[in-house]
Amino acid sequence: MSDSTTHPQMKVRPEARPAQPAAREEEHPRLDAARLVHVLLQAPLNIIVVAVSLLWLLPTAGLLVSSFRPAQAISQSGWWTALVPPYHFVLDNYIQVLTANGMGQGFINSLIITIPGTILPILIGSFAAYGFAWMNFPGRDWIFIVVVGLLVVPIQMTLIPILQLYNTLHLTGTFPGVWLAHTAYGLPLAVYLLRNFFQSLPKDLFESARLDGATERQIFFRIVIPLSVPALASLTIFQFLWVWNDLLVALIYLGGDPRVAPMTVTVSNLVNSYGSNYQVLTAAAFISMLLPLVVFFSLQQYFARGLLAGSIKG
Amino acid sequence: MFIQKRTGLIIAGLLLVALVAVACAPAAAPTLAPTAAATTAATTAATTAPTTAATTAATTAATTAATTAPTTSATSASAGAPTTAATTANLSGQHVSVLGVWGSSELTAFQKVYGVWEKQTGGVVDWQGTRDLTAVLTTRVQGGNPPDIAILPNPALMQQLASQGHLIALDSFMNMNQVKTDYAPAWINLGSYQNKLYAIFYRAANKETVWYNPQAFTAGGYTVPKTWTEWMALANKMVADGKTPFSIAAENGAASGWPLTDWMSEIVLNNCGPTVYDQWVTHTIPWTDACIKQSFQLFGTILGTKGYVLGGGQGVDATNFVNGTYPMYTNPPTAYMDYLGSFAQGFITAQYPKLQAVTGYNFFPFPTINSQYAGSVTIGADVLVMMHDTPAVRSFMTYLAGAPAQETWAKLGGFIAVNRSVPLSAYPDPISKAVAQDLYTAKVSRFGAGDVMPAAMQQAWWKQMLLFAQNPSQVDATLNSLENSAKSIYK
């Protein structure tokens, strides 16, 4: 953040130099003073940002350290005590998770659930959002309000009625059932976010596209989608994380059957009924975090980009 | 062309909204729960028809139990092998889903147990594990998709499900003579609803055990107390020596407080006897009853006496119950005694694998409070119930109830069988053998009070005990508050 704000100023000054070469020596100390003032002014902000980030990272760091500690040590002393010699780190927890029964199947099931569970709501959500943002039909605003209203329906309240519906449709314990559930749970947010984003696109774009004879489909795929990559990318990350980390929906609609159960269910079976053996959860947390991290970093570049960079040039 | 595309999109959008609305709309009316439940019954009637038919058949058959017995006599130990052999052909490829809370080493052991049945019959067991069993099971029952077999944590939930008609009566197909040989009458009573057997108790916990470190006792010159008076004298001696006698730990997430209600159950049973205990559990006497009050005062003495409990009231509420089993075995020990059910053995051996049973760690039975009720034991057990009636489920249920299945797990450790036909020689170490023996020979045994009370009462009691640990002198306030909760919960 601070980088992008300081850069333009520093670039401006060298440009001004050739005009007044004589003043160069005098300006130099002033420049340093200005920079110093600038740095000092920015310092509290930077310190707060760094402190807050560290504070937020602290539990994760503790989890990481714990995941490499033997079970006995975890229950006897805090994770920070492991940071001073004598060091005693082991891979037991990771080995136990990776060799656990059904973990590979769980990983594959998680992928089978998560990929359609991410693509479907975003695809359908973006269609709907386009309709809400740029098409006129009766009752548009009311329907949109209903969709937004669905955001506040707690997921737990939907479990029983949907399970009843699934039983009659024979969707219980099947992947399509979970895809539909995740799609439905993800749609209100997807529609809401994308509709607001689509609406912020300049009206001129659509007018000129229509003047050029573009159909709605062409406008959507050629103009709206390419311009909305940052919004779509952030939504993808949200939805992916939500579906990947989900335990409740899978337990209810899939029933925890090992043939279809995702990794979260397999991991939760690593802890016994008294909650002991929980140290393996620390390792499991990091293993299941790997794929979402890959997704995050591969989509992350789109966030930084200017949302409308280059779209209305020429 | 343009307009067609447009209307197409509109229709798609409308469909979408309709879909989402349909998906979520029923939930918008949670107050209509009974109606919703009724609809479920109606909508799922078609699918469950065979089951219900079977159930009614079963119920009628139950009245003529003698005739049903030979057909599925199968039940256990001796008769187990022939039945399973007979059903081998029918069951291959048939699935039995089992919902339970076990994980980790428990699950590995249970997999070995059902592996034997799978090999014998060709059936397949689908284990569905969750530690939030009550919520998941309730949702799935309401949604019309219960598992074939559920392993419940307490009989209160079983009674509730039985009263709602969600369970299959076991006496319809099990050989009741065999069941009566294998299970003490108290267990059969606990598992029955309106004189029909609905539940088999499977994995028991003996909750009379006070864990201690024999070496530390020898080093300090302490002897195992037999009576409450001796116990308090011992505690005073330890305090005089500058040591902390008790480790009491009650933290367990949302279920925090249950180790304290276990304490109270054991004290009430030993202090007031089984009659008062039963009246207290069913709320035919109030919480403010004189003997219940006296029992709370006894526990209040332990919690409130300065220097008795490691960490004081704060320590009790903030320490995880598993970690509470450790302080006896550190060097030097930070506490000397920990009252917790027989499952504590698993925690101790996991944390200190080198400790020898009996010499390194051991238990003594809960000291006698009233000599009239000496040897009273509170217990806990997982509860097996059956929710779908198919030949495979019947076969698996019968197998689990029998002695061989329970013996298999007992040999692997961490398991005290409820089936009394399981020989004591099956237990792999002297401590679990002693625990099992005490359980079978106990003069008086009762299920832990909290697990038999309605769930709402149990939870209110947990919370009150956490407060009581902080203010052990407030016996009257605690009991009045519990009595108020009880008045609204029991009807």
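**Close-up 1. The B:K293–B:D476 salt bridge.** B:K293 has a relative accessible area of 26% and is therefore partly exposed (buried is under 20%, exposed over 50%, partly exposed in between; 1.4 Å probe, protein chains only). B:D476 is also partly exposed, at 43%. The two form a salt bridge with the closest N and O atoms 3.2 Å apart (a side-chain nitrogen of Lys or Arg within 4 Å of a carboxyl oxygen of Asp or Glu). The pair is 183 residues apart, joining helix α22 (residues 475–489) to helix α14 (residues 290–304) of chain B (helices are DSSP runs of H or I of at least four residues, strands of E of at least two, numbered from the N terminus). This is a predicted model: local features need pLDDT of at least 70, side-chain atom pairs count only at pLDDT 80 or more, and totals for chains, interfaces and linings use all residues. Residues are numbered from 1 along each chain as its sequence is written, and side-chain values use heavy atoms, without hydrogens and water.

**Close-up 2. The A:R210–A:E216 salt bridge.** The N to O distance between these side chains is 3.2 Å. A:R210 is partly exposed at 33%, whereas A:E216 is buried at 0%.

**Close-up 3. The B:D389–B:R394 salt bridge.** These side chains meet at 2.8 Å, N to O. B:D389 is buried, at 12%; B:R394 is partly exposed, at 24%.

**Close-up 4. Surroundings of B:D429.** B:D429 lies in the loop between β11 (416–417) and α19 of chain B. Its side chain makes a polar contact of 2.9 Å with that of B:S432 (a pair of N or O atoms within 3.5 Å; within protein, one must be able to donate a hydrogen and the other to accept it, and residues adjacent in sequence count only if both atoms are side-chain atoms).

How values were computed: Chains lettered and ligands numbered in written order.
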